[in-house]
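This note is for a colleague opening the entry for the first time. Please read the points below with the structure in view.

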Amino acid sequence: MESVYRFPKITHVFEFRCRTCGEVHKGSPSIGYAKPAHYYSVPEAERAHRVLLTSDTCAIDNDTYFVRGVMEVPIRGVDAPFTWGIWVSLSHDNFQRYLHTFHEDQTGTVNFGWLPVTMRGYFDPTRARTWDMLATDVVGRGPGNRPLIVPHKCNHPLYRDYAQGMDWDRAVDIAERALHG
Ligand SMILES: [Zn+2]
C-alpha cells in the first residue's frame, strides 16, 4: 500500500498544557536529579560522614559509587529527546578511574553501570526503595559532557521507550508525573 506520507515527516517541538499546574510546558522535557536516590536512604544526621557528594559523583560509605549521566529517550515525531539526568552505580575501580580522568576527554570509554529506576512515571512511589535495576553502558564523552547512559536490552518499560521511542501522549504523561513528582 502506498504511504500516506509522500514527503519527509515534519518533526515538531514538544509542548503540552499540563494537567497538574495548568501551564504550557514547552520543549522536550529535561529532568535531572541532583542526588542519587540512595543518598536519601542515609539518615540525614549521618550524611556528613557517610556521603561524599559532588554535582557529578557520589560515594556512600566508601562502598557504593554513583556517577551522574544523561539518558536520551526519543519522542516519536519530535526533534529533541526526553532527557533524564540520572545516576548509575559503577564498580570501585571504574569509579576511581572516572574521578582521576574527570577533566580529560572520556570519548571511547564504556563502563558498566547499574541504573536504579527512580524516575517518576517508571516506578510506583508506593513501592519506595524497591527500585528496578537496569544494566547499562556508561558511555564517556568530551570534557564537560556527562556520560550517556545506554540501557541494555530488557523488558522494562524504560528500555521499551528508549528503543522504540515514546508516543506524544506517553511523553506528556511521564513529563507531568516527573515535573511535579
Ligand atoms: Zn506542569
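1. A starting residue. Ile31 is partly exposed, because 17 other C-beta atoms lie within 10 Å, and a count in between 12 and 20 falls in that class. Ile31 belongs to strand 3, residues 30-32. Once neighbours within four places in sequence are left aside, the contacts of Ile31 are Trp84, Gly85, Ala178 and Leu179. Gly85 is 54 residues away from Ile31 along the chain, yet their C-alpha atoms are separated by 6.0 Å.

2. The whole chain. The model is predicted. The protein chain contains four helices and 10 strands, and their order along the sequence is β-β-β-α-β-β-β-β-α-β-β-β-α-α. Its C-alpha trace spans about 60 × 40 × 30 Å along the principal axes. Of the 181 residues in the protein chain, 25% are buried. Taking contacts between residues at least 6 apart in sequence, 58% join residues at least 24 apart.

3. The main core. The largest nonpolar core holds 29 residues, and Val67, Ile86, Val88, Leu90 and Ala171 have the most contacts inside it. Two or more residues come from each of strand 6, strand 7 (82-90), helix 2 (92-100), strand 9, helix 3 (157-164) and helix 4 (168-179). Which element gives the most to this core? Strand 7 does, with six residues.

4. Helix 4. This helix has 12 residues, and the distance from its first C-alpha to its last is 16 Å, close to the 16 Å expected at 1.5 Å a residue. Its buried residues are Ala171, Val172, Ile174 and Ala175. In an α-helix there are 3.6 residues a turn, so residues three or four places apart point the same way. The buried residues of helix 4 pack against strand 1 (15-17), strand 2 (24-26) and strand 7. Ala171 is in contact with Phe14, Ile75, Phe82 and Met166, leaving aside its neighbours within four places in sequence.

5. Val73. Is this residue buried or exposed? Val73 is buried, because 22 other C-beta atoms lie within 10 Å and the cut-off for a buried residue is 20 or more. Val73 lies in strand 6, residues 64-73. Not counting residues up to four places away in sequence, Val73 touches Pro81, Phe82, Asp161, Tyr162 and Met166. Tyr159 is 86 residues from Val73 in sequence, while the two C-alpha atoms are 9.0 Å apart in space.

6. The loop between strand 5 and strand 6. Asp61 is found in this loop, which follows strand 5 (57-60), and Asn62 is found there too. Phi of Asp61 is near 55 degrees, a positive value in a residue other than glycine. Asn62 likewise has a positive phi, near 50 degrees, and is not glycine. Asp61 counts as exposed, because it has 12 C-beta neighbours inside 10 Å and the exposed class takes in counts of 12 or fewer. Asn62 is exposed with 10 other C-beta atoms within 10 Å.

7. Strand 9 and its partners. Strand 8 (residues 110-116) pairs with strand 9 in the antiparallel sense, over seven bridges. Strand 10 (residues 148-151) also runs antiparallel to strand 9, and four bridges join them. Thr136 has a bridge partner on each of these strands: Gly113 and, in strand 10, Pro151. Asp137 stands opposite Val150 in strand 10.

8. Faces of strands 9 and 10. In a regular strand the side chains alternate between the two faces of the sheet. Strand 9, residues 133-139, has Leu134, Thr136 and Val138 on its covered face. Met133, Ala135, Asp137 and Val139 are on the uncovered face of strand 9. In strand 10, which residues point to the buried face? Ile149 and Pro151 point to one face and are buried, whereas Leu148 and Val150 point to the other and are not. The bridge pair of Thr136 and Pro151 therefore joins a residue from the covered face of strand 9 to a buried residue of strand 10, where buried means 20 or more C-beta neighbours within 10 Å.

Definitions and conventions:
Residues are numbered from 1 along each chain as its sequence is written. This is a predicted model: local features need pLDDT of at least 70, side-chain atom pairs count only at pLDDT 80 or more; totals for chains, interfaces and linings use all residues. Two strands pair if DSSP finds at least two bridges between them. Two residues are in contact if their C-beta atoms, placed from the backbone, lie within 7 Å. A nonpolar core is a set of buried Ala, Val, Leu, Ile, Met, Phe, Trp, Tyr and Cys residues joined through C-beta atoms within 7 Å. The expected span of a helix is 1.5 Å times one less than its number of residues.
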